[in-house]
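The following exercises ask the reader to work through a two-part set of topics: domain contacts and ligand surroundings, then backbone geometry and charged pairs. Please consult the sequence and the coordinates while solving them.

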Amino acid sequence: MPALSHRITTLNGDGSDGWDVFYRARAMIDAGTPVTELTIGEHDIRTDPSILKAMYESAVGGHTGYAIVPGISALRDEVAARVEAQSGVPTRRENVLITPGGQAGLFAAHMAVCGPGDVALYIDPYYATYPGVVRSAGAVPRAVPTRSSQGFLPQRDVLEAASDGAVSLLINTPNNPTGAVYPRDTLEGIADVVTERDMWLISDEVYDTQVWEGAHLSPRALPGMAERTLVIGSMSKSHAMTGSRIGWIVGPEEVITCLVDLATNTTYGVPGYIQDAALFGLRAGAELEAQVAAPFLRRRAIAERVLAGQQAVRMIPAQGAMYVMLDVRATGMSGEEFAFALLDAHHIAVMPGESFGQSAAGHVRVAKTLEDSRFEAALRTLCAFAAGLAQAA
Ligand code: PMP
């Protein structure tokens, strides 16, 4: 067979892509072993039946042909109104491209602002696909490290030191995997650096409805930032619509116009009945969003209660999103060793911190995606297991 492109064979960088624990858990499940699954960010509820009804009615009503590539006008208007209400930044239909999920938005945003070989920054720990997204767009990923002891918030001096020659910075607040919600001063520091260096800011805000302390602040709302910020949004987390593949990019009109060309040549838009369902979901308002987010807030309280006073495991304070990060360094193990050992000993699957970058080494990420009492029991087992290891260490 002829050679594959360098771009495609190097998407995952070198070494493991960090999903080994996940795949072992899946293999155990396939072999009939019950596993307590706390790995990926998938709600334990399904898409609300009212949204599915809207989807069905749209499809039966004939909205199954090619949909207009930038997205149906009513949905673009609704997204624009939502973003404007939340951020105070004037936003119109022309600032919005509807995408097949946030993931496609992340790719498109990097395609828009990075040329071949350009350096694109992202904050470590990061959502596992970030370096691959950058490579998919032909650019070169560069991680900006953070520290567990500083709540995994990016520090201005570290960001400045990493910025030489970079064209873009990707941030994510509320953050997966850390649960950090960036405070205003962190975002202002980021805005200063990207402005001084004339860089683009790509702001992944797919968890914007899952904020447990304070409020979500979009960097696009900071002075002068709307012209250099691309916001990635999604219905996956806010409306439990992960499988429907629907999200958006909000940015300057010139960028969106170019991205419509990209979409025409790649995705060719999003199915009309999915867009109608999304429109229904957004119009259903904050109550439905709060209902979808509520279990994660409840389970955060459970995690805080279970983890209080633990010596071998420390919980990183989580102000948002659907995960908790646990520092397991006192066990003497890496995050990956701990995750494999926990899976083997207790059939509980969590993600090693190392899957999300070197800054999360010695941590594990626990998805709060299990019914409350089982979630609590799994955390108690994890803590007891860690305590035993720490004593032996
Ligand atoms: N960004 C972050 C931080 C995520 O955690 C995810 C999904 N886990 C995505 C983007 C992509 O989500 P989707 O494509 O389903 O919108």
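Four exercises follow, each with a worked solution.

The model is predicted, so local features need pLDDT of at least 70 and side-chain atom pairs count only at pLDDT 80 or more, whereas totals for chains, interfaces and linings use all residues. Residues are numbered from 1 along each chain as its sequence is written, and side-chain values use heavy atoms, with hydrogens and water left out.

**Exercise 1. The domain interface**

Task: Describe the extent and composition of the interface of domain 1 and domain 2.

Solution.
Step 1. The domain assignment, automatic or from a database, gives domain 1 as 6–46 + 287–392 and domain 2 as 65–284. Their C-alpha centres are 25 Å apart.
Step 2. Domain 1 contributes 39 residues to the contact and domain 2 contributes 35 residues, where contact means heavy atoms within 4.5 Å.
Step 3. The size of an interface is often given as the accessible area lost when the parts come together. Here about 3,000 Å² is buried between the domains, 55% of it on carbon and sulfur atoms; this is the accessible area (1.4 Å probe) lost on being put together, summed over both parts.
Step 4. Of the area that domain 1 buries against domain 2, Glu 289, Gln 319 and Ser 359 supply 21%, more than any other three residues.

**Exercise 2. Polar links across the interface**

Task: Which interactions does the rule find across the interface of domain 1 and domain 2, and which elements supply the side of domain 1 that touches domain 2?

Solution.
Step 1. Across the interface there are 2 salt bridges, each defined as a side-chain nitrogen of Lys or Arg within 4 Å of a carboxyl oxygen of Asp or Glu. Glu 289 and Arg 82 form a salt bridge through their side chains, at 2.9 Å from N to O.
Step 2. The interface also has 22 residue pairs in polar contact, both at pLDDT 80 or more. A polar contact is a pair of N or O atoms within 3.5 Å; within protein, one must be able to donate a hydrogen and the other to accept it, and residues adjacent in sequence count only if both atoms are side-chain atoms.
Step 3. Helix H11 (286–307), strand E10 (323–327) and strand E13 (363–367) each give at least two residues to the side of domain 1 that touches domain 2. H11 has the largest share, 7 residues. Helices (H or I, at least four residues) and strands (E, at least two) are DSSP runs, numbered from the N terminus.

**Exercise 3. The ligand**

Task: Identify the residues that come nearest to the ligand.

Solution.
Step 1. Of the 15 residues around the ligand (a heavy atom within 4 Å), Gly 102, Asp 204, Ser 234, Ser 236 and Arg 245 come nearest.
Step 2. A polar backbone atom of Gly 102 is 2.7 Å from a ligand oxygen atom.
Step 3. In the side chain of Asp 204, an N or O atom is 2.5 Å from a ligand nitrogen atom. A polar side-chain atom of Arg 245 is 2.7 Å from an oxygen atom of the ligand.

**Exercise 4. Backbone geometry**

Task: Locate the cis peptide bond between Asp 124 and Pro 125 and the one between Thr 173 and Pro 174.

Solution.
Step 1. Between Asp 124 and Pro 125, omega is about 5 degrees; Pro 125 is in the loop between strand E3 (119–124) and helix H6 (130–136).
Step 2. Between Thr 173 and Pro 174, omega is about -10 degrees; Pro 174 is in the loop between strand E5 (166–172) and helix H8 (184–196).

Definitions and conventions: Buried area = accessible area lost by both parts, 1.4 Å probe.
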